[in-house]
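Trainee: Could you take me slowly through one part of this model, the sheet in chain B and the loops that go with it? I'd like one connected account.

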Amino acid sequence: MIDREQVLHVARLARLRLSEDEVEAMTGELSSVLGHIEKIGELDLDDVVPTSHVVALENVLRPDEPRPSLPRDAALAEAPDSDGAGFRVPSPGA
Amino acid sequence: MSEIVELTAAAAAERVRAGELSPGELWEAYRERAAADSLNAFLWLADDAPDVAADAPLGGVPLGVKDLFCTEGVPSAAASKILEGYRPPYTATAIELLARAGAPMLGKTNMDEFAMGSSNENSAFGAVRNPWDASRVPGGSSGGSAAAVAAGLAPWAIGTDTGGSIRQPASLCGIVGLKPTYGSISRYGMIAFASSLDQAGPLTRDVTDAALMLRHMVGRDECDSTSTGHPEEIALPSAERLDGIRFGVPPELTGEGLEPGVREVFETTLKRIEELGGTLQEVALPHSGHAISAYYVIAPAEASANLARFDGVRYGRRTERTETLLSLYEQTREEGFGPEVKRRIMLGTYALSSGYYDAYYGSAQRVRTKIAEDFRNAFDAVDLIVTPTSPSVAFGIGERVDDPWAMYLSDVLTVPMSLAGIPAISIPGGLSEGLPVGIQLAGPAFSENRILDAAHALELATGFDRSAARG
């Protein structure tokens with residue numbers, strides 16, 4: 001179960017500004033979904049190893065050789081705002 | 001409808017190679033059909049017929065491409081407002097491989113925003129209609145791809161499947177959809193939803209076309225370190241019988257919760273399997289009842305991290321309200337994401353947050369281990385598992401939008417295979433009150449050839465008539 005304060009806290013963590021209506025709807029919907037999800041708590045999982053990935057791969061490496069990367073112009077082409085050399089954003093201190 | 005668009009992709013490619021059909025004629029026939037799309041299946045259409053090498057194995061058969069794939073210079077928005085108008089500087093590996101083999105992109109197909117949904121109603125660009133009944137959903141999230149193939153607007157299409165997003169719309173639209181083994185196809189250029197689950201795959205008119213497309217998609221890619229390629233070449237299926245093949249029927253996925261019409265088609269299919277020489281036996285998947293719960297922790301958790309990149313800085317849409325860097329982030333995301341995407345970001349962020357991580361994410365990953373074990377045990381006793389693909393036929397537009405959990409249960413029969421990373425196909429099994437019912441065949445990792453052969457034999461015996469979906 002999740003209350004209004006928790007919804008606002010999680011929204012801050014997720015960098016989402018929710019409207020008043022959204023906060024209210026989200027509180028009910030998330031509580032309902034979590035209520036279903038919590039049924040997995042009935043299982044005895046103490047000795048079970050968690051699976052984060054189904055394919056057993058580790059340390060997939062490629063040769064450490066320099067090669068061309070995306071040209072700066074192409075990387076900046078889709079930016080909402082740029083000064084031609086980098087992405088432009090408001091000052092973090094503003 | 002012209003005779004050209006009646007051909008399967010394999011048959012059309014064959015005609016091109018035999019010199020009986022030109023790639024240009026083929027392109028024009030589909031370009032015209034797709035431009036007259038009344039289902040909202042396409043979001044963007046290519047203008048020019050591409051050059052295709054005369055001896056290309058796929059003969060210039062045009063491809064519908066889910067909007068989740070990045071395609072260089074072509075709008076790729078994952079059906080989200082936050083990426084509206086975005087034109088990526090590169091093309092996804094799977095699309096590149098298919099284009100090189102002679103399947104050029106016809107257009108981008110509609111989908112649920114960021115592939116989050118089971119009805120295509122979560123698209124920022126409007127719902128897609130089911131060609132069997134325009135008042136119903138085509139399924140999702142690859143709903144535009146499925147509807148376009150079923151209606152003959154595209155000969156075939158590529159989709160992606162995280163928890164059922166290829167198989168469920170294939171089932172609801174009466175076509176074939178295959179989710180390959182995790183890792184067999186590169187995810188490079190697929191806009192990421194849940195990286196440990198996402199996998200590209202074909203949506204086609206028949207099983208042979210699915211095999212043909214898959215053959216040209218698989219491969220290890222150095223741009224995706226989780227890609228493995230496929231240990232064997234994908235063969236075109238030829239089996240007409242199922243002699244000696246052991247089919248497992250899991251009571252957990254074939255018991256309660258199925259619509260009567262779906263159950264009827266499933267039971268007819270089981271009889272058909274026996275008539276073709278296959279054997280049936282019950283197998284247990286004891287943890288599959290918890291699959292949806294585990295999935296709706298794992299997938300949103302991964303999504304909440306993957307979607308952090310959409311912040312209005314490097315690409316996509318930015319809010320006008322940019323007083324501070326924080327308000328730029330928060331307001332851009334508030335304006336750009338739709339309700340279901342926000343819900344999943346919230347769910348995932350909560351499940352990963354301090355104090356809740358072990359209870360939700362840790363437990364869900366342990367359930368995932370048990371589900372994969374269940375399948376391994378089952379495949380000690382049987383060659384393939386057979387279930388319906390979806391517990392219901394296509395439902396009405398608007399019917400499930402107010403109840404997220406009811407919508408999530410649309411994928412109750414497809415999510416277990418996704419969590420285990422194993423391949424599964426949906427093929428049409430018959431009709432229930434005039435609407436298609438899909439049958440799902442699943443096998444162990446990398447058993448695509450076995451699955452395709454069995455699906456081919458079953459398809460021949462079923463003789464499904466999809467002409468009602470062609471306008």
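Mentor: Here is a walk from the whole chain to the sheet and then to some backbone oddities.

A word on the ground rules: this is a predicted model, so local features need pLDDT of at least 70 and side-chain atom pairs count only at pLDDT 80 or more, while totals for chains, interfaces and linings use all residues. Residues are numbered from 1 along each chain as its sequence is written, and chains are lettered from A and ligands numbered from 1 in the order in which they are written.

Chain B has 15 helices and 11 strands; these are DSSP runs numbered from the N terminus, with helices being H or I of at least four residues and strands E of at least two. Its C-alpha atoms fit a box of roughly 70 × 55 × 45 Å along the principal axes. Of the 471 residues in chain B, 64% are buried, a label for residues with 20 or more other C-beta atoms within 10 Å of their own (exposed is 12 or fewer, partly exposed is in between, and C-beta atoms are placed from the backbone).

Now the sheet. It is open and mixed, with 11 strands in the order β1-β3-β2-β4-β6-β5-β10-β11-β9-β7-β8 of chain B; strands pair if DSSP finds at least two bridges between them. At the edges stand β1 (42-45) and β8 (279-282) of chain B, each with a single partner strand, so one side of each has no neighbour in the sheet. On average, neighbouring strands are turned by 30° against each other, direction ignored.

Let's stay at the β1 edge. β1(B) pairs with β3(B) in the antiparallel sense over 3 bridges, and B:Phe42 sits opposite B:Thr109 in β3(B). Helix α2 (residues 23-35) of chain B lies across β1 and β3 of chain B, at about 20° to β3(B). That angle is between N-to-C directions, on a scale from 0 to 180 degrees, using axes fitted to C-alpha atoms, for helices over the stretch in contact; contact requires C-beta atoms, placed from the backbone, within 7 Å.

Next, the loop between β3 (105-109) and α4 (143-150) of chain B, where B:Ser141 has its place. A cis peptide bond joins B:Gly140 and B:Ser141, with omega about 10°. B:Phe114 is found in the loop between β3 and α4 too; its phi is positive, near 55°, though it isn't a glycine. B:Phe114 is buried, with 31 other C-beta atoms within 10 Å.

Compare B:Glu433, in the loop between β10 (424-432) and β11 (435-442) of chain B. B:Glu433 also has a positive phi, about 50°, without being a glycine, but it counts as exposed, with 9 C-beta neighbours inside 10 Å.

Terms used
Contact = placed C-beta atoms within 7 Å.
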